[in-house]
Amino acid sequence: MPELPEVETVKAGLQPVLEQHRITHAETRRGDLRVPFPNDFAGRLTGRRIEHLRRRAKYILADLDSGETLVIHLGMSGRMTVYASGAKKKLGNYVHDMNEDGIGKYKHDHVVIDTDAPARIVFNDHRRFGLMLLIDTAALEEHKLFKGLGIEALAPDFDAAYLAKAFKGKKTPVKAALLDQRVIAGLGNIYVCEALFRAGISPKRLAGKVRSEKIAALVTAIKQVLREAIKAGGSSLRDHRQATGELGYFQKRFAVYDREGEPCPHGHGTIKRIVQSGRSTFYCPSCQR
DNA sequence: CCGCGATCCTGGGGGC
DNA sequence: TGCCCCCAGGATCGCG
C-alpha cells in the first residue's frame, strides 16, 4: 500500500531502529528483483552507520556514513518488517521470536538488515516491483530516478499557482496528470481518487480545463487527504508496533476508492469505477464535474 | 511532446 | 478441487 503516507509511515517506523544506528549485518536472499542489487550490496551496508532517514516521492532514503545513500522503493507490494529486541513479535498469522531461524527466510524475503538497536529489518516484496539501491549521496539529485521528479505534494511551495502552471495546456485527464510523478511527487491511485472527490473534480476532466478555483480546492484536498492518512497511519503504526512490529499496514475507510456501486458519501449518487490509462478510477459522477 | 497500452511479477478471489 | 480470468497501492518503455 505504498503511496506517500504509507512510505512516510514506514519511514517513521524504521527511524528508531535505523537512524543513528550501525548496520551489524546485511544479506540479500535473492538477487532477482526487477532492478538487481548493486555489486557487493551487503558488504557496502555492513558496518555503516545511518546518519539520516528521509523521504523523496515514494522513496525512503537512508544516508550512510560512507557517503552513499540506501534507496528503498516498496513498489506495489513491498513491506518492511521490524523485529525489535527479544520480544515475541507477530508476522501476519504467525508469531515469531526475534531469535528464531525463520525470520527473514520466508518466501519473498529479499533483504535482511540487522542493526545495533538491536533490531532486525526484513524487506519482503512478493511482486518484486520494489528496489533497493546504493547511490552516491552527493549525486542523488542527478540520478535518473530522482532527476525528473516533480514537487513534493506536501511542500509549502506546492500551491494553486504551481499547479495551475503545471496543468496549463495539458490535454491529459486530471487523474493521469496527478499520478505523473514528474508533475507532483508522492501521489498514487488511492489518494488521487480521494483528492479529486474532495475537490469535486471529474477524473476525466482534462488537466488544462480545470477552473482556477477548482485547482485551489484540489491543492487543499491533496494536502488534507495526505496529512490525514499520515496521521492515521502513524496511529495505526503505534498499535502495530506494540502488537506485531509489522510496518506498512494502514487501515482507513476511503470515501470513493474501492467502493464501486456504493452510495456516494454526499448522498447524491452511486460511486462508479472506470479505467483510465490502465488503472481503476473511482468517483461520483454526480458530485465530480 | 502527447497519450495509451503493454510490461515487469506474484497471489488472491470469483465464476464455472 | 481445479482452472481461468481479472484484479492489485508503481513506474518505465515504446508505439502511433
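A residue counts as buried when its relative accessible area is under 20%, as exposed when it is over 50%, and as partly exposed in between. Keep that handy while you work through these exercises on a predicted model.

**Exercise 1. Work out whether Asp258, Asn124, Leu4 and Gln288 are buried or exposed, and place each one in the fold.**

*Step 1.* Start with Asp258. Its relative accessible area is 57%, so Asp258 is exposed. You'll find Asp258 in the loop between α7 (212-243) and β13.

*Step 2.* Next comes Asn124, at 17% relative accessibility. The cut-off for buried is under 20%, so Asn124 counts as buried. Asn124 sits in strand β9 (residues 119-125).

*Step 3.* Leu4 has a relative accessible area of 0%, so Leu4 is buried. Leu4 belongs to helix α1 (residues 4-18).

*Step 4.* Gln288 comes out at 3%, so Gln288 is buried too. Look for Gln288 in the segment after β14.

**Exercise 2. Find out how far apart in space two pairs are: Leu4 with Glu152, and Gln288 with Gly200.**

*Step 1.* Along the sequence, Leu4 and Glu152 are 148 residues apart. From C-alpha to C-alpha, though, the gap between Leu4 and Glu152 is 9.5 Å.

*Step 2.* Gln288 and Gly200 are separated by 88 residues in sequence, and their C-alpha atoms are 4.3 Å apart.

*Step 3.* Now see what comes before Gly200. Gly200 follows just after helix α6 and has a positive phi of about 70°. Helix α6 (residues 189-199) is itself mostly covered, with 10 of its 11 residues buried. Among those buried residues are Asn189, Tyr191, Glu194 and Phe197.

**Exercise 3. Pair up the strands: which strand goes with β10, and which with β13?**

*Step 1.* Strand β10 (residues 131-136) pairs with strand β4 (residues 68-73) in the antiparallel sense, over 6 bridges. To see one of these bridges, go to Thr69, whose partner in β10 is Ile135.

*Step 2.* Check the surroundings of β10. Because 5 of its 6 residues are buried, β10 is largely enclosed by the rest of the structure.

*Step 3.* Move on to strand β13 (residues 272-276), which is antiparallel to strand β14 (residues 279-283) over 5 bridges. Here Gln276 stands opposite Arg279.

*Step 4.* β13 and β14 make a hairpin with 2 residues between the strands, and in it Ser277 has a positive phi near 35°.

**Exercise 4. Hunt for unusual backbone: which peptide bond is cis, and what are the phi values of His108 and Asp258?**

*Step 1.* Know what to expect. Most residues other than glycine have a negative phi, and most peptide bonds are trans.

*Step 2.* The bond from Ala117 to Pro118 is cis, with omega near 0°. Pro118 is in the loop between β8 (109-115) and β9.

*Step 3.* His108 has a positive phi near 70°. Its spot is the loop between β7 (94-97) and β8.

*Step 4.* Asp258, the exposed residue from Exercise 1, has a positive phi as well, near 60°.

**Exercise 5. Describe how the protein meets DNA strand B.**

*Step 1.* List the neighbours. Including Arg34, Lys107, His108, Arg127 and Ser277, the set around DNA strand B also takes in Lys171, Thr172 and others. Of the atoms of DNA strand B within 4 Å of the protein, 71% are from sugar and phosphate.

*Step 2.* Sort that surface by class: 5 charged, 4 polar and 2 nonpolar residues.

*Step 3.* Look at the bases. The side chain of Arg34 has an N or O atom 3.0 Å from a base oxygen of DNA strand B, and for the side chain of Arg127 the distance to a base oxygen is 2.9 Å.

*Step 4.* Now the backbone of the DNA: a polar backbone atom of His126 is 3.2 Å from a sugar or linking oxygen of DNA strand B.

*Step 5.* Go back to Lys107. Its backbone oxygen is 3.0 Å from a polar side-chain atom of Asn124, the buried residue from Exercise 1.

**Exercise 6. What lines the largest pocket?**

*Step 1.* The largest pocket holds about 480 Å³ of space. It is lined by 19 residues, and the closest to its centre are Pro2, Lys58, Met76, Asn189 and Arg279.

*Step 2.* Sorted by class, the lining has 8 nonpolar, 6 charged and 5 polar residues.

*Step 3.* Link this to what you've already found: Asn189 is one of the buried residues of α6, and Arg279 stands opposite Gln276 in the β13 and β14 pair.

Definitions and conventions:
Residues numbered from 1 in each chain as written. Chains lettered and ligands numbered in written order. Predicted model: local features only at pLDDT ≥ 70, side-chain atom pairs only at ≥ 80, totals over all residues. Heavy atoms only, no water. Near = heavy atom within 4 Å. Polar contact = N/O pair within 3.5 Å; in protein donor to acceptor, adjacent residues only side chain to side chain. Nonpolar A, V, L, I, M, F, W, Y, C, P; charged D, E, K, R; others polar. Buried < 20%, exposed > 50% of the residue type's maximum accessible area, 1.4 Å probe, protein only. Helix = DSSP H or I, 4+ residues; strand = E, 2+ residues; numbered from the N terminus. Pairing = 2+ DSSP bridges. 1 Å grid on protein atoms, 1.4 Å probe; cavity = no way out; pocket = protein on both sides within 12 Å on 5 of 7 lines; lining within 4 Å. Points joined across faces, edges and corners; volume = space filled by probe spheres on them.
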